[in-house]
Amino acid sequence: MNARSFFLTASVLLLASCRQDMHDPPRYRPLAASEFFGDGRASRPRIADTVARGGLRLDKRLYKGREGGALIDTIPMPVTRKMLERGRQRFDIYCSICHGQLGDGDGMVVQRGFRQPPSYHLDRLRRQPVGHYFDVITNGFGAMAGYASRVPVEDRWAIVAYVRALQLSQNATIDDVPAGDRSKLEGR
Amino acid sequence: MAQIFHPSTNTIARVSIFGGLFFAGGLLLVLNEINRSPYVTGVNVARQQPVPFSHKHHVSGIGIDCRYCHTSVETSSFAGIPATETCMSCHTQIWADSPMLEPVRASFRTGESLRWTRVHDLPGFVYFNHGIHVKKGVGCATCHGRVDQMPLMYQQNTLNMEWCLECHREPEKYVRPREEVFRMDYQPKEDQRQLGARLVKEYKIRKLTDCSVCHR
């Protein structure tokens, strides 16, 4: 092999080794590790006692489910069919693995040994105001972790509305069905 | 003086000029093959992780939805990797003493991040966005494969430009109804050609092949 072809081969190989450098430019991607910051995180946590632009949350009813310290008993958002459907979807993602699809408290994780949550259809829970449900999702309750970081506020209210719908559905009687639709239930 | 070269060297010279072409072509082919090999693209190589987290157990075993952990996948470019608190919403009680989960508990106690090794890694000059793909009906499994059957995560597709374009040129071959995006065992109920054509109209899916879509 003469010098010329040696250099040719070597530079082709060198080019190939440029690859990773050009592929990983010196910028951070979400949740990347960083050597610059003390805690090793490129994604910075919010500084204590600051409010992000657009993040001011003065509406206590909407963001805390409370009014003057007491839990509220009306959902502070318009309840529509779309919202209920969103609530069902979010409930199935975040809650059904423990509480079960019907809210009985026998989800898959419970069958694998997690503490059994109470059924939503107990009288005690049926009497709770909606604010209580919002509060449990936001802050957790006993053995249950809070979901504030994973479920945005509007979705939390949608889940609350859907839980109410579940409670109604499990305690419905034939009188709740519009007269015109009753025959369908009786299979006629 | 005797001749240095025997007349037969003429043939050798001709053959080597001719053969050089093949050699150069062959070299290119080999480089191309290396470029597409698992060694470079990382396809099918399971990465070691600080905790041997199994999608197989959590997704098909327990039935947890992708979004329980990858919360931002519908709305953002980044799918999101679960925080330690997410693991601990179950593992405070399940396998709470398992040594396998010690790194998770240590991270929970100290507030120090778990350091997962990236499996899919596009070059920095490529822009990718999960949100749009979820909204237009591209299933997780179309790009990531049967995640629910992976004891350890590996990359199913090359993530080469060629691979992205294959779908961007003909999205109708791959799209599915939006509600089915997170289903791992989805099978089209009707002929994919008809379904695809209908969905492309309904979701107004464009054929995005301009360079500036991905290189911006």
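A:Leu31 sits in the loop between helix H1 (3-23) and helix H2 (60-64) of chain A. This is a good place to start looking around this predicted model, since A:Leu31 is not a glycine and yet has a positive phi of about 60°. Chain B offers a residue of this kind too: B:Leu159 is not a glycine, but its phi is positive at about 60°. B:Leu159 belongs to the loop between helix H8 (140-144) and helix H9 (161-169) of chain B.

**Where the chains meet**

Let us turn to the contact between the two chains. It draws on 31 residues from chain B and 28 residues from chain A. Together the chains bury about 2500 Å², and 54% of this area is on carbon and sulfur atoms. On the side of chain B, B:Ile62, B:Tyr68 and B:Gln93 supply 22% of the area buried against chain A, more than any other three residues.

What does the polar side of this contact look like? There are 11 residue pairs in polar contact between chain B and chain A, with both residues at pLDDT 80 or more. The count of salt bridges between the two chains is two. One of them joins A:Arg90 to B:Glu74, with 3.0 Å between the closest N and O atoms.

Which helices of chain B give two or more residues to the side that touches chain A? They are helix H1 (8-36), helix H4 (66-69) and helix H5 (84-91) of chain B. H5(B) provides the largest share, four residues. By residue type, the side of chain B that touches chain A divides into 12 nonpolar, 11 polar and eight charged residues.

**Cysteines without partners**

How many disulfides are there over all chains? The count is zero. A disulfide is a covalent bond between the sulfur atoms of two cysteines, and the cut-off used here is 2.5 Å between those atoms. Two cysteines of chain B show how the distances work out:

| Cysteine | Closest cysteine sulfur in | Sulfur distance |
|---|---|---|
| B:Cys69 | B:Cys87 | 6.8 Å |
| B:Cys143 | B:Cys167 | 6.9 Å |

B:Cys69 forms no such bond because its sulfur is too far from that of B:Cys87. B:Cys143 forms none because the sulfur of B:Cys167 is too far away.

**Domains of chain B**

Finally, a look at how chain B is divided. The domain assignment gives domain 1 (10-41) and domain 2 (73-79 + 122-214). The C-alpha centres of these two domains of chain B lie 36 Å apart.

Definitions and conventions. Residues numbered from 1 in each chain as written. Chains lettered and ligands numbered in written order. Predicted model: local features only at pLDDT ≥ 70, side-chain atom pairs only at ≥ 80, totals over all residues. Heavy atoms only, no water. Contact = heavy atoms within 4.5 Å. Buried area = accessible area lost by both parts, 1.4 Å probe. Salt bridge = Lys/Arg side-chain N within 4 Å of Asp/Glu carboxyl O. Polar contact = N/O pair within 3.5 Å; in protein donor to acceptor, adjacent residues only side chain to side chain. Nonpolar A, V, L, I, M, F, W, Y, C, P; charged D, E, K, R; others polar. Domains from an automatic or database assignment.
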